[in-house]
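The exercises below are meant to be worked with the sequence and the model side by side. Try each task before reading the solution that follows it.

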Amino acid sequence: MTDARIDSVRATAYRIPTEAPESDGTYEWDSTTMVCVEVDAGGRNGFGYSYADVTAASIVNRRFADLLRGHLAMDIEAAWRSMSADLRNIGRPGIGAHAVSAVDTALWDLKAKLLDQPLVTLLGQVRDAVPAYGSGGFTSLDEKALQRQLSDWVADGFTMVKMKVGRAPHDDPKRVTGAKKAIGTSCALMVDANGALSRHQAVAAANRFAESNVVWFEEPVSSDDREGLRWVRSHAPMGMAIAAGEYGYDPWYFAAMLDASSVDILQADATRCLGISGFMKASALCEARHVPLSAHCAPSIHLHAAAASSPLVHVEYFHDHVRIESMLLDGFVAAQDGLLHPPLDRPGHGVALKSADADQWRIA
């Protein structure tokens, strides 16, 4: 099937309500939109998705469906470059990158199925299991609910958990202290400000958080402020990693972040950074610079790529995405004792959309 050509590309979109209104340091939301892509070739079907606006589905259906029809399914890099070039005049970063990401992931799933191999085998497996950290801890949660969510992850075997900070900086030290007491000494505490703080606020907060042994401070300032991230990193307490990169849309962004020495740990998100292809390029950049990599959200998309990434340290087991993927994806892999194991008993990345279950939320 190595000569199979793409027959069709199509996208659908679903808007799934959250359990309750949620917020972090800079944003509030009450739903999550999932853009799903299917690609057919050689009698097999590849599946990919992104968490993006519905307009990403429109880009796939109006531009990429015709562009990719007839392409060799095996030539993912050629398809990746064709899609990126097609977005030149309408903008690749942002929503365009989300659209490319969903298609690229579907193409990798398709290629692995055509070769009858698990995706991790095709990419080159380097580990049997991927560490995951429980993530949520929204600023919309009261202290009791926050502590319950974090402690529940500890009870499930997670050794790392993350909470949101930055919406009300004066309240954060108390929230962080309470969170650390709830999870105990055997679990590492991580915080994420989503770029809500100024440089000086961030350093002051980092020093307060160090009293609770916080080991990770994500986006203390905006990811657009690479110099600011570097400055915070140089002034943060020893043992506290500064992390960012989830809004990187291409390898050039990651290269600039790494060249600026902005982070101790780089984050990359395959649903945004041009798919599995983009994620593995980010992995190569990290390996070349001896910087650890962390996969941002969407655990089902990242599992196989994470297991094939040498510099990877963990995958984010994000509350909203875990809830959606466990409901709507056939083959969803749940964490066991804080570890994710890529399935080796089926080809591709192993998940597929439960269309009948998702239809109630379909918007395109």
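**Exercise 1. Overall build**

What share of the contacts in the protein chain with a separation of 6 or more comes from residues 24 or more positions apart? Then describe the chain as a whole, from its secondary structure to its charges.

Solution. The model is a predicted one, which should be kept in mind throughout. Residues 24 or more positions apart account for 72% of the contacts in the protein chain with a separation of 6 or more.

The next step is to take stock of the secondary structure, which comes to 13 helices and 14 strands. The radius of gyration of the protein chain is 20 Å, close to the 21 Å that the globule rule gives for 364 residues, so the chain is as compact as a globular protein of that length. Along its principal axes, the C-alpha trace spans about 60 × 40 × 35 Å.

Turning to burial and surface, 58% of the 364 residues count as buried, while the chain exposes about 14000 Å², of which carbon and sulfur atoms supply 49%. As for charge, there are 34 positive and 45 negative side chains, and the centres of these two sets lie 3 Å apart.

**Exercise 2. A hairpin and a residue within it**

Find out how strands β1 and β2 are joined, and then characterise R15.

Solution. Strand β1 covers residues 6–23 and strand β2 covers residues 28–41; the two run antiparallel and are joined by 13 bridges. They form a hairpin with four residues between them. To see one bridge in detail, start at S8, whose bridge partner in β2 is D40.

R15 lies in strand β1, and at 38% relative accessibility it counts as partly exposed. Leaving out residues up to four places away in sequence, R15 touches S31, T32, T33, W361 and I363. By way of a distance across the model, R15 and P237 are 222 residues apart in sequence, and their C-alpha atoms are 41 Å apart in space.

**Exercise 3. Parallel strands and their surroundings**

Examine the pairs β6 with β7 and β8 with β9, and decide how far β7 and β9 are covered.

Solution. Begin with strand β6 (residues 188–192), which runs parallel to β7 and is joined to it by four bridges. Following V191 across leads to F217, its bridge partner in β7. Strand β7 itself spans residues 214–218, and four of its five residues are buried, so it is largely enclosed by the rest of the structure.

Strand β8 (residues 241–244) also runs parallel to its partner here, β9, with two bridges joining them. The bridge partner of A244 in β9 is L266. In β9 (residues 265–268) both faces are covered, since I265 and Q267 on one side and L266 and A268 on the other are all buried.

**Exercise 4. Two residues in helices**

Are A102 and L229 buried or exposed, and which residues does each of them touch?

Solution. A102 is found in helix α3, which covers residues 95–114. Buried means under 20% relative accessible area, and A102, at 1% relative accessibility, counts as buried. Apart from residues up to four places away in sequence, A102 touches V35, V37, G48, Y49 and S50. A102 and A52 are 50 residues apart along the chain, and their C-alpha atoms are separated by 9.6 Å.

L229 is found in helix α8, residues 226–235, and is buried, with a relative accessible area of 0%. Setting aside neighbours within four places in sequence, L229 is in contact with residues including P220, V221, I242, A244 and M257. Of these contacts, A244 has already appeared as the bridge partner of L266. L229 and L258 are 29 residues apart in sequence and 11 Å apart in space, C-alpha to C-alpha.

**Exercise 5. Positive phi angles**

Where do D116 and D337 lie, and what is notable about the phi of D116 and of D337?

Solution. The background is that most residues other than glycine have a negative phi. D116 is not a glycine, yet its phi is positive, at about 55 degrees. D116 lies in the loop between α3 and α4 (119–123), and at 54% relative accessibility it counts as exposed.

D337 is likewise not a glycine, and its phi is positive at about 50 degrees. D337 lies in the loop between β12 (329–330) and β13 (339–340), and is exposed, with a relative accessible area of 58%.

How values were computed. Residues are numbered from 1 along each chain as its sequence is written. This is a predicted model: local features need pLDDT of at least 70, side-chain atom pairs count only at pLDDT 80 or more; totals for chains, interfaces and linings use all residues. Side-chain values use heavy atoms; hydrogens and water are left out. The radius of gyration is taken over C-alpha atoms; the globule rule is 2.2 Å times the number of residues to the power 0.38. Buried means under 20% relative accessible area, exposed over 50%, partly exposed in between (1.4 Å probe, protein chains only). Contact means heavy atoms within 4.5 Å. Accessible areas come from the Shrake-Rupley method with a 1.4 Å probe; for residues, only the protein chains shown count as cover. Lys and Arg count as positive and Asp and Glu as negative; His and the chain ends are not counted. The place of a charge is taken as NZ of Lys, CZ of Arg, CG of Asp or CD of Glu. Two strands pair if DSSP finds at least two bridges between them.
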